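Colleague: I should like to request a close look at a single part of this model. Please treat its surroundings in one connected account.

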Amino acid sequence: MVNNYISLGKMKSTLAPLPGIGYNLRLLHAEDLATTLTWRNREDIRHHFIKSDIISWEQHLSWWEEYRTKNNDFIFIIEETKKPNRPVGQVSLYNIDLENNEAEYGRLMIGDNEARGKGLARRATELLMTWAFNSLGIKRIYLEVFKDNTVAISLYRRCGFISFGDRGELHLMNISRESGSSMLGSIKRKDSII
Ligand SMILES: CC(C)(COP(=O)(O)OP(=O)(O)OC[C@H]1O[C@@H](n2cnc3c(N)ncnc32)[C@H](O)[C@@H]1OP(=O)(O)O)[C@@H](O)C(=O)NCCC(=O)NCCS
């Protein structure tokens, strides 16, 4: 179990891909940046993000340089396991707080249209939650989502997140390790996803 930020930083440089069925979650590489910027700047994706302006290549690179120095920020690429290992989306766990055993979930997008609607976002979310609870010792994961993003809200509910309030245009949701474990356990028994 990770108990300090130095170990967390080491983990960020050495973590092996988290295996799912038909896909992996692997850490973002410099080679992914052009793809993730294209996804992020899509009209239908960026409007669901709190910072929704078009991002330039220079801004993306400077964000990347900062991201690399952060021990408590993990961005994963959702990548198909069959060759040629197509990256199809992204998901993230950040603001990891080891004192309070909490972390924020977000930056989720399925950027490849063909990969949408196949349960990949749900399975990637469940895999990341399982990793956070079991390997990082996180006890609570929270997220913010625009109230009008009904697809994402429905996805998060499906994964066991519970609403706990609103802030302006945002809807606030969270999940505890206890409720997550029973939810993920029942999913695992039902369809062996993770
Ligand atoms: C949100 C997003 C990641 C969902 O990706 P996806 O691969 O289509 O989602 P999944 O196939 O895993 O579906 C999981 C759940 O999402 C919900 N969902 C997915 N597509 C939906 C649709 N068209 N209408 C309503 N609910 C939908 C359902 O609850 C679904 O569960 P179910 O299939 O058991 O009913 C994708 O639409 C996306 O990238 N959107 C733009 C970025 C974004 O909104 N990110 C979230 C920011 S908070």
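Which residues does Val-91 touch, not counting residues up to four places away in sequence?

Modeller: The model is a predicted one, and what follows should be read accordingly. Val-91 touches Leu-25, Phe-76, Ile-78, Arg-107, Leu-108, Ala-124, Thr-125 and Leu-128, when residues up to four places away in sequence are not counted. Val-91 itself lies in strand E4, which spans residues 87–97. With 22 other C-beta atoms within 10 Å, Val-91 is buried, because the threshold for that class is 20 or more. In space, Val-91 and Met-109 are 6.7 Å apart from C-alpha to C-alpha, although 18 residues separate them in sequence.

The next residue to consider is Ser-92, which is also found in strand E4. Ser-92 counts as partly exposed, because it has 19 C-beta neighbours inside 10 Å. Leaving aside neighbours within four places in sequence, Ser-92 is in contact with Phe-74, Ile-75, Phe-76, Gly-106 and Arg-107. Phe-76 and Arg-107 are also among the residues that Val-91 touches. The C-alpha atoms of Ser-92 and Leu-128 are separated by 8.2 Å, with the two positions 36 residues apart along the chain.

Several partners of Val-91 lead on to the nonpolar interior. The largest nonpolar core has 35 residues, and those with the most contacts inside it include Phe-76, Ile-78, Ala-124 and Leu-128, together with Met-129 and Ala-132. The elements that give two or more residues to this core are strands E2 (23–27), E3 (74–80), E4, E5, E6 (140–146) and E8 (170–176), and helix H5. H5 gives the most to this core, with 8 residues. Met-129 touches Ile-141, Cys-159, Ile-175, Gly-180 and Leu-184, not counting residues up to four places away in sequence.

The account may close with the ligand. Of the 20 residues around the ligand, those that come nearest are His-48, Ala-121, Arg-122, Ser-154 and Leu-155. Strand E5 (102–110), helix H5 (120–135) and helix H6 (150–158) are the elements that give two or more residues to this shell. The most is given by H6, with 5 residues. By character, the residues of the shell divide into 10 nonpolar, 6 polar and 4 charged. E5 and H5 thus appear both among the elements of the ligand shell and among those of the largest nonpolar core.

Methods
Residues numbered from 1 in each chain as written. Predicted model: local features only at pLDDT ≥ 70, side-chain atom pairs only at ≥ 80, totals over all residues. Helix = DSSP H or I, 4+ residues; strand = E, 2+ residues; numbered from the N terminus. Buried ≥ 20, exposed ≤ 12 C-beta atoms within 10 Å, placed from the backbone. Contact = placed C-beta atoms within 7 Å. Near = placed C-beta within 6 Å. Nonpolar A, V, L, I, M, F, W, Y, C, P; charged D, E, K, R; others polar. Core = buried A, V, L, I, M, F, W, Y, C linked by C-beta atoms within 7 Å.
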